[in-house]
Amino acid sequence: MRIRAGYRLGFETFGPTPMNFLLSVRPERQRDLHTPESNRFDPFIPARQELDAFGNVVTRIFAPGGRFEVSADFLIADSGRPDDYAPSASEIPVQDLPSGVLPFLLV
């Protein structure tokens, strides 16, 4: 099936503000795009993209003071099957988490 996806987000900053957006399709799903996915800024703001430590696409900007919008609109293919899940998984209180997982919570 094809899914139309997108967003339109509005922001207002009191002055120049560095911002990171994690709004993009993950790299392993890029091949499923039927139309280009691109973040649009109104008014135009230069942006650059990079991957974070977990493989997510991060769009970085330095927003000027005032109002602006970021938006996207695209078509993506998907099987429609639910994501895999572990019905027997349980919730673990933060204080009981092993130290090795803490870096994943701090990013």
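I took buried to mean under 20% relative accessible area and exposed to mean over 50%. I kept in mind throughout that the model is predicted.

**Entry 1: Thr13**

I looked up Thr13 and found its relative accessible area to be 12%. Thr13 is therefore buried, since that value falls under 20%. I located Thr13 in strand 1, which covers residues 2-13. I then asked which residues Thr13 touches, leaving aside those up to four places away in sequence. I found Pro64, Gly65, Gly66 and Phe68. I also noted a polar atom of the Thr13 side chain at 3.2 Å from the backbone oxygen of Gly15.

**Entry 2: the partners of strand 6**

I next traced how strand 1 pairs. Strand 1 runs antiparallel to strand 6 (residues 66-77), and I recorded twelve bridges between them. Within this pairing, I found Arg2 opposite Ala77 of strand 6. I then turned to strand 3, which is also antiparallel to strand 6 and is joined to it by three bridges. Here I noted that Asp42 faces Glu69 in strand 6.

**Entry 3: Asp42 and Pro43**

I stayed with Asp42 and examined the peptide bond that links it to Pro43. I recorded this bond as cis, with omega at about 0°. Where does Pro43 lie? I placed Pro43 in the loop that connects strand 3 (40-42) with strand 4 (47-51).

**Entry 4: strands 4 and 5**

I followed the chain into strand 4 and looked up its pairing with strand 5 (residues 57-63). The two strands are antiparallel, and I noted five bridges between them. In this pair, Gln49 sits opposite Thr59 of strand 5. I asked how many residues lie between the strands of this hairpin, and the number is five. I also entered Gly55 of this hairpin, whose phi is positive, near 85°.

**Entry 5: a nonpolar surface patch**

I then looked at the surface. I found a nonpolar patch there, made of Phe54, Val101, Leu102, Phe104, Leu105 and Leu106. Together these residues have about 580 Å² of accessible area. I chose Leu105 for a further check and placed it in helix 1, residues 102-106. Is Leu105 buried or exposed? I recorded a relative accessible area of 52% for Leu105. Leu105 is exposed because that value is over 50%.

**Entry 6: points to keep**

I close with two residues at opposite ends of my reading: Thr13 in strand 1 is buried, whereas Leu105 in helix 1 is exposed.

How values were computed: Residues are numbered from 1 along each chain as its sequence is written. This is a predicted model: local features need pLDDT of at least 70, side-chain atom pairs count only at pLDDT 80 or more; totals for chains, interfaces and linings use all residues. Side-chain values use heavy atoms; hydrogens and water are left out. Patches are made of residues with over 30% relative accessible area and no salt bridge: like charges are joined within 9 Å, nonpolar side chains (Val, Leu, Ile, Met, Phe, Trp, Tyr) within 5 Å. Accessible areas come from the Shrake-Rupley method with a 1.4 Å probe; for residues, only the protein chains shown count as cover. A salt bridge is a side-chain nitrogen of Lys or Arg within 4 Å of a carboxyl oxygen of Asp or Glu. Helices (H or I, at least four residues) and strands (E, at least two) are DSSP runs, numbered from the N terminus. Buried means under 20% relative accessible area, exposed over 50%, partly exposed in between (1.4 Å probe, protein chains only). Two strands pair if DSSP finds at least two bridges between them. A polar contact is a pair of N or O atoms within 3.5 Å; within protein, one must be able to donate a hydrogen and the other to accept it, and residues adjacent in sequence count only if both atoms are side-chain atoms. Contact means heavy atoms within 4.5 Å.
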